[in-house]
Structures are given as C-alpha cells and as structure tokens.
Amino acid sequence: MSNEQPLPVVLVGGRGYGSRHLHHLRRLAARGAVTLAGVCELRPLSAGELGEGLGSPAQDSDLGALLERTGARIVIVSTPIHTHVDLALTAAKAGAHLLVEKPPAPSMAEFRRLADGVRAAGVRCQIGFQSLGSHAVPRIRELLAGGAIGHVRGFGAAGAWVREEAYWQRAPWGGLRRTPDGRDVVDGVLTNPLAHAVATALRLAGADRETDIDGVELELYRVNDIAADDTSCARMTTSDGTPVVTAVTLAAERAGEPYVEVHGSTGRITFWYKQDRVLLERDGAEPEYSAYDRTDLLENLIAHLRDATVPLLVPPERTGGFMRLVEAVRTAPEPATLPEPVWHSEPAEQGPRRVLDGIDALTAAGARQLALYSELGAPWAGSTTR
C-alpha cells in the first residue's frame, strides 16, 4: 500500500465504537494507506478525541456537505443501527465506497434498500463482521470439505458475556427494539453485541446468503430493564437441512470467550473467533490446536479497490443469512421478561449487573447439543418459530 497514494476516508460516528476506527485509521495513516479527510459527528470531536497522527480533518454534521468538501473515496459508517442505511446511501450516491458496521440494517427491507442502492451507485460495500476476516474461516471450510470430522451434523455457537446495567444507557437507542417514533433498532444480544457468533457460524456452514436459510426458531428473553433481548437462542435451518444454533447472553455468571463448534460424525472443531484459535478433535487422535492471522476488513476493502481481483470478504450479499435472523427477531413477539427469582444482582466495576443463574452452562449446552433453552430444561424457557 505504501507505493500508492493514500485514500481519503471520512468517518461517520467518531465516538463510541467509532473511537476504535480512529485508532485503526491512525495505524493505517502512519503506513501511508489512508488519510482521515473528515469526521461526521453531531458535535465536532475535540483535539483530544482525535488524538495525534490524523492531522486536522474537516468536521461537519452534514455528511453530504462533508463528502463534497473532501472528495472521500471511502466512508466508514459507525453510527446507531437505525441510521446506517440512510448514511451509507448518501455516501454511495456521492461515489464513495463503504465500510458499514454490523448489523448493516435493522430490517430485511432496509437491508435490501442498502444492497440495491450500493449496486445502483456502482460502489463497493464491506459489512463490519471482523471475525470473517480470520484466516481460520477458510481453513475450517477446507477441513470440513476434506471430511476431517466426517459428516457434519450441525453448527453451534455460544457467547456468555457480562454487561452492567449502565451498558444499556450507553446511547439513547441502547436496548431498544424500536425508537419512540417507530423506527426499527433491534439492539438485542443476537443481532448486535454477539452478532458475530451468528454470522461466523453461518459462514462456516456455507449458509450466509439470504436464500440459504429455510427457517428460524427463536427464544428471546430479557433480564435487564430493556425493550430488547439480552439472553436468547436461535436455531436456523439451512436449505440443506443443517441446524445452526446460537445460544448467547449478556447476563453471564462469568465473562467467557465466544466460540463456534462444528459437530461431525467423527469429531468436532471449535473456533474461538475473537482469538483466531481453532481446536480440532478427531476420534482416535490427539487434539490439535492452531492459531491464525486475520485480514482487516478496511485493508481488504482498500486492496479490492486497488486490485479488483482481490475479493471483498464481507459484501452485503454474504450477510443475507444473518439478516434473516435480524428480521425474525424484529418481527417476533416481545422478549419474555424473566422474574427476579431466576436472576440476581451483584456489584461490578461500572455499577450493578444482573446475573441469570445457570446461564453459562446453558449457553455451552445449547452449542454442544444444538438445542434451544426450552429443550435443555430451563424452567423459564419457551419457543417461537418464525
């Protein structure tokens, strides 16, 4: 990249998760790959928030005006879920290529509007599922194709995370299913914080496109005082009948590393997708651990723009399967509120947090047995099929 002219980038949303993009842009700017041409925020970032190494980018709350001023080639959209599509299409119509944070849209209709708009504008779009840049993903696909664990019976994903009650006050849209004026948000555990568990399992299953999914079974619960779900499970059935089960929570007893398990007739593969670590277990053989590198999604987008033979890792169409889940969650009945006898509150660094008793074992069992919470005997559980 250093032999090429740096590409001008506009970051939309420089606070919250956007601060991570600033850190990453600083690294790429030092390598000569990009320049930060502008930041679109409701309130301009201070010098302290921008930090060093990014120069003095233009700042404006009007994305269209900012793009006209900067001529940005790439726009990163890191804003509330329900604002992604409008902002992305504003950038696309100005001829800018896109990195859009996950989830790309809060509904299937909005997702299709995004995909159609990007296609009509003739620009490239990458969706921010970072785990899909892991080199472990194609390696696991190779192992499965080669019969390393025999016939694949299914894919299970588990995520047990800890979030304080204050997490849901991180932004006005935190924990909402929809805004007060009726706009879909769908900020639930399956669709936002642990969305990577779903997307990674679907990619490993070769079922990441919209037409790859035949049905979705859901169980949505909430322990916290929010509108969306914070403890949920889903079983997606692929077009070839393979189950893909995800069991997740933000009310864990202890914070754990999320993972995807692939279950075969003669073994199992476990992928800790945040760590790029893989465990291959085969009948009659010693366990094999391996670690992999990862391709950054912004760097992949840049490489694709400079050489069209480099494929995009996460174009919109490769997230259509995930959007089937988002749509199922969006249209499902309200999450069931779990009563206090099944959970308790305890102190944490950022204030109190709610803990669902026994949930850590249930998430692991869901991934291992390809089962929903109700099928595992959780007394508070019941299912919804979409």
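This report covers one open sheet and the aromatic contacts of a predicted model.

The sheet is open and has six strands in the order E3-E2-E1-E4-E5-E6, with parallel pairing. Its edges are formed by strand E3 (58–60) and strand E6 (125–127), each of which pairs on one side only, and the twist averages 20° from one strand to the next. Strand E2 (residues 34–40) runs parallel to E3 and is joined to E3 by three bridges; in this part of the sheet, Cys40 stands opposite Asp60 in E3.

A search of the whole structure finds five aromatic pairs, two of which are set out below.

| Aromatic pair | Centre to centre | Angle between planes | Geometry |
|---|---|---|---|
| Tyr167 and Trp168 | 4.7 Å | 80° | edge-to-face |
| Tyr221 and Trp380 | 5.0 Å | 80° | edge-to-face |

Because Tyr221 belongs to strand E8 (residues 213–222), whereas Trp380 lies in the loop between helix H10 (359–369) and strand E18 (384–385), their pair ties together parts that are 159 residues apart in sequence. Tyr221 is buried, with a relative accessible area of 2%, and Trp380 is likewise buried, with a relative accessible area of 13%. Together with Tyr373, Tyr221 and Trp380 form one aromatic cluster.

Tyr167 and Trp168 are both buried, and the ring of Tyr167 also takes part in a contact with a charge: the charged end of Arg170 sits over this ring, 4.2 Å from its centre. The charged end of Arg170 also sits over the ring of Trp173, 4.9 Å from the centre of that ring.

Notes:
Residues are numbered from 1 along each chain as its sequence is written. This is a predicted model: local features need pLDDT of at least 70, side-chain atom pairs count only at pLDDT 80 or more; totals for chains, interfaces and linings use all residues. Side-chain values use heavy atoms; hydrogens and water are left out. Two strands pair if DSSP finds at least two bridges between them. Helices (H or I, at least four residues) and strands (E, at least two) are DSSP runs, numbered from the N terminus. Axes are lines fitted to C-alpha atoms, for helices over the stretch in contact, and angles run from 0 to 180 degrees between N-to-C directions. Rings of Phe, Tyr and Trp (its six-membered ring) pair if their centres lie within 6.5 Å; planes under 30 degrees apart count as stacked, over 60 as edge-to-face and the rest as tilted. Buried means under 20% relative accessible area, exposed over 50%, partly exposed in between (1.4 Å probe, protein chains only). A charge sits over a ring if NZ of Lys or CZ of Arg is within 6 Å of the ring centre and within 35 degrees of the ring normal.
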